[in-house]
Amino acid sequence: MTKILIAATFVMIILAVVVLFMNYENGYYDEIKSVINLKSSNDEINHNEDTALVDVELVQMEEAGEIAELGTENVQMQTETIENYYKIEDFKWLNQNPELPTGCEITSLTSVLNYYGINVKKETMADDYLKKGNGSYYKMFLGNPRDAGSFGCMAQPIVDAANLYFKKNNVSMKASNVSGVSFEKILEYVSQGVPMIVWNTMGMAPAYESKTLTLDGREYTWIAPEHCVVVVGYDLDNNEVYVADPMTGMVTRNLKIFEERYVSLKRQAVYVTR
């Protein structure tokens, strides 16, 4: 009887080893490793070359007192080689001033909603749908966009404002936080006719660490001069990106410098889909 039990145990061990080997060969543990890598670093993100990550859920990661909102895989968009030139010709610029002197983020969102045929005002979005307060600017607008002395917010509060509007007004659309994607991926989205809300700096000025703030019991360092715009096109041959800037209008920026500023603002990005 003892010999039979030993033999059965030995067979089970062999079967377990075979299953582990098959999972390894099928890339099962590569998927696990990729998730661990995604959560382990705000700056170094392993992107799948075959698909772009489009979020329905969010992974929140705290590092050095800051929260990075990274899109997680749910719906996949095939990676394609983009044309050297593309521009959304009928996109209309929306001015944040004078009503929202620090409201570049919610104004950029409103301009995208208007582009999709939603007739809503920037003031309505700022007053009724944008979460405001004195907490983390990764969770809410720090201050009030009507106040010239306020700070601003990152991607997730803008996503939340859009989706709250869609829910309350029965609109079959969705805003997604795709922060963390490469700038090449931003251009790929644009090449498919999707205006991209991205964080940059005012006038393309170099980013720098400004005030250190204690919010929700943690220290955060504000990156200045923070700004938010909509990318509506690009020209790779001429190293240009076309931008709807809520402070200055429809402008052309140096693509390489724009990408550097995007990275400096922690690759914050949002898009809206029907």
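**Notes on the predicted model**

1. A good place to begin is the second largest cavity, whose lining residues divide into 5 nonpolar, 4 polar and 2 charged. Please keep in mind throughout that this is a predicted model. The volume of this second largest cavity is about 50 Å³, and a search of the whole structure turns up 3 cavities of 30 Å³ or more.

2. Which residues line the second largest cavity? They are Asn200, Thr201, Gly203, Met204, His227, Val229, Val243, Asp245, Val251, Arg253 and Phe258. Strands supply much of interest here: β9 (196-201), β12, β13 and β14 (249-254) each give at least two residues to this lining.

3. Next, the pockets. The second largest pocket has a volume of about 170 Å³. Its lining is made up of 16 residues, and those nearest the pocket centre are Thr102, Ser150, Phe151, Met202 and Glu226. The elements contributing two or more residues to that lining are α3 (104-115), β11 (218-224) and β12 (226-235). Sorted by class, the pocket lining has 9 nonpolar, 5 polar and 2 charged residues.

4. For anyone interested in aromatic side chains, the structure holds 12 aromatic pairs. One of them joins Tyr85 and Tyr242: the ring centres are 6.1 Å apart and the planes stand at 70 degrees, so this pair is edge-to-face. The two partners come from distant parts of the chain, with Tyr85 in strand β5 (residues 85-87) and Tyr242 in strand β13 (residues 240-245), 157 residues apart. Are these two rings buried or exposed? Tyr85 counts as partly exposed because its relative accessibility is 42%, whereas Tyr242, at 10%, counts as buried.

5. Another pair to look at is Tyr115 with Tyr116. Their ring centres lie 5.2 Å apart and their planes are at 65 degrees, so this pair is edge-to-face. Tyr115 has 25% relative accessibility and therefore counts as partly exposed, while Tyr116 has 13% and counts as buried.

6. Two further aromatic features are worth finding on screen. Ring pairs connect Tyr137, Tyr138, Phe151, Tyr220 and Trp222 into a cluster. Phe151 also appears among the residues nearest the centre of the second largest pocket. Back at Tyr242, the charged end of Lys87 sits over the ring, 4.8 Å from the ring centre.

7. A word on the cysteines: how many disulfides does the model have? The count comes to 0. Cys104 is in no disulfide, and the nearest cysteine sulfur belongs to Cys228, 5.5 Å away. Why does Cys228 not bond to Cys104? The 5.5 Å between their sulfurs is too far for a bond, since a disulfide needs the two sulfur atoms within 2.5 Å. Both residues are covered: Cys104 is buried with a relative accessible area of 4%, and Cys228 is buried at 0% relative accessibility.

8. Finally, have a look at helix α6 (residues 183-191), which is mostly covered, with 7 of its 9 residues buried. The buried ones are Phe183, Lys185, Ile186, Leu187, Glu188, Tyr189 and Val190. Lys185 and Glu188 are thus buried too, and both would count as charged by class. Just after the helix, Gly193 adopts a positive phi of about 85 degrees.

Notes. Residues are numbered from 1 along each chain as its sequence is written. This is a predicted model: local features need pLDDT of at least 70, side-chain atom pairs count only at pLDDT 80 or more; totals for chains, interfaces and linings use all residues. Side-chain values use heavy atoms; hydrogens and water are left out. Buried means under 20% relative accessible area, exposed over 50%, partly exposed in between (1.4 Å probe, protein chains only). Helices (H or I, at least four residues) and strands (E, at least two) are DSSP runs, numbered from the N terminus. On a 1 Å grid over the protein atoms alone, a cavity is a set of points where a 1.4 Å probe fits but cannot get out, and a pocket is an open set with protein on both sides within 12 Å along at least five of seven lines; lining residues have an atom within 4 Å of a point. Grid points are joined across faces, edges and corners, and a volume is the space filled by probe spheres set on the points. Rings of Phe, Tyr and Trp (its six-membered ring) pair if their centres lie within 6.5 Å; planes under 30 degrees apart count as stacked, over 60 as edge-to-face and the rest as tilted. A charge sits over a ring if NZ of Lys or CZ of Arg is within 6 Å of the ring centre and within 35 degrees of the ring normal.
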